[in-house]
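Here are some exercises to work through with the model open beside you. Try each task before you read its solution.

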Amino acid sequence: EECGLAVEVFNFGVGNYNSIQVAEAIRRQASAVHPDLILYGFYWNDAEPVQEEADGIWEKSLYLSAFWRKVKMRVFSRPVGFLSYYGSLYEGAGWNSFALSLEEIRLATQETGAELAVALLPELRNLKDGLAERSYAKVERHFLDRGVPVVNLLGALKSGDSSVYWVAKDDPHPNALAQMEIARMLRDRLFSSCRMPASPGK
């Protein structure tokens with residue numbers, strides 16, 4: 001509205017999709033609406049492999065599945081294991097595999113005739129070892145080297161207590177406040193001139 005343009009937005013995001021599934025969604029769904037721009041919202045669990053479909057009643061029910069995940073997180077999760085696991089996804093064979101899937105996102109977007117922009121969505125937990133920074137930097141460099149504009153929002157949400165952006169005290173997914181801040185920053189950084197996001201160097 002501020003630019004005097006008619007803009008139509010389609011949200012094809014699916015919770016827990018990894019990068020392989022994102023590329024497939026672009027080819028199967030996004031291509032049908034002939035977009036001018038595809039904005040890929042990256043989060044660092046996008047590097048996880050495709051999960052096998054569960055057969056149990058606990059996993060097939062949305063509410064039971066969410067409850068069971070919280071039980072497992074509280075009873076079985078270990079921060080060191082979590083960091084080690086994510087670290088492995090961004091090194092060696094894990095990174096090589098993930099980089100190929102990121103390239104599939106770029107190629108799938110190219111096939112639609114659309115431009116691609118990437119938003120690196122913030123990690124809302126206070127992790128001290130720099131793993132998130134190193135992982136995000138790799139993804140940012142991957143796309144910038146291929147001429148894709150990137151907005152890195154890691155650390156962009158400023159608060160003394162990051163949990164104010166959580167949906168619940170034990171769930172660090174972004175709440176409505178975080179989503180509004182993220183949307184505002186993407187608008188300001190990608191569309192401030194009322195034009196399509198420019199490729200790096202332009």
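A salt bridge here is a side-chain nitrogen of Lys or Arg within 4 Å of a carboxyl oxygen of Asp or Glu. The model is a predicted one, in which local features need pLDDT of at least 70 and side-chain atom pairs count only at pLDDT 80 or more, while totals for chains, interfaces and linings use all residues. Residues are numbered from 1 along each chain as its sequence is written, and side-chain values use heavy atoms, with hydrogens and water left out.

**Exercise 1. Salt bridges**

Task: apply the salt-bridge rule, then find what E111 and R27 tie together.

Solution. Step one is the count: the rule gives eleven salt bridges. Step two is the pair itself: the side chains of E111 and R27 meet at 3.0 Å, N to O. Because E111 belongs to helix α5 and R27 to helix α1, this pair ties together parts that are 84 residues apart in sequence. Helices are DSSP runs of H or I with at least four residues, strands are runs of E with at least two, and both are numbered from the N terminus.

For step three, check accessibility, where buried means under 20% relative accessible area, exposed over 50%, and partly exposed in between (1.4 Å probe, protein chains only). E111 is exposed at 55%, whereas R27 is partly exposed at 28%.

**Exercise 2. Along α5 and α7**

Task: describe helix α5, then look at salt bridges within a helix, in α5 and α7.

Solution. Start with the span of α5: residues 92-112 make 21 residues, and the distance from first to last C-alpha is 31 Å, close to the expected 30 Å. That expectation is 1.5 Å times one less than the number of residues. Next, list what is buried in α5: W95, F98, I105 and E103 are among them.

E103 has a relative accessible area of 18%, and its side chain forms a salt bridge with R106 (2.5 Å, N to O). These two residues of α5 are three apart, about one turn of the helix. Just after α5, G113 has a positive phi of about 85°.

Now move to α7 (residues 176-190), where R184 and D188 are four residues apart, so about one helical turn separates them. Their side chains meet at 3.6 Å, N to O. R184 is partly exposed at 35%, and D188 is partly exposed at 35%. Finally, widen the view: E181, R184, R187 and D188 are linked in a network of salt bridges.

**Exercise 3. Strand order**

Task: which strands lie at the edges of the sheet?

Solution. First write down the order, β1-β2-β3, in an open sheet of three strands with parallel pairing. Two strands pair if DSSP finds at least two bridges between them. The edge strands are then β1 and β3 (150-152), each pairing on one side only. To see one pairing in detail, take β2 (residues 115-120), which is joined to β3 in the parallel sense over three bridges. V118 has V150 in β3 as its bridge partner.

**Exercise 4. Positive phi**

Task: where do N16 and H34 lie, and what is phi in N16 and H34?

Solution. Begin with the background: most residues other than glycine have a negative phi. N16, in the segment before α1, has a positive phi of about 70°, and it is exposed at 64%. H34 sits in the loop between α1 and β1 (37-42). Its phi is positive too, near 50°, and H34 is exposed at 63%.
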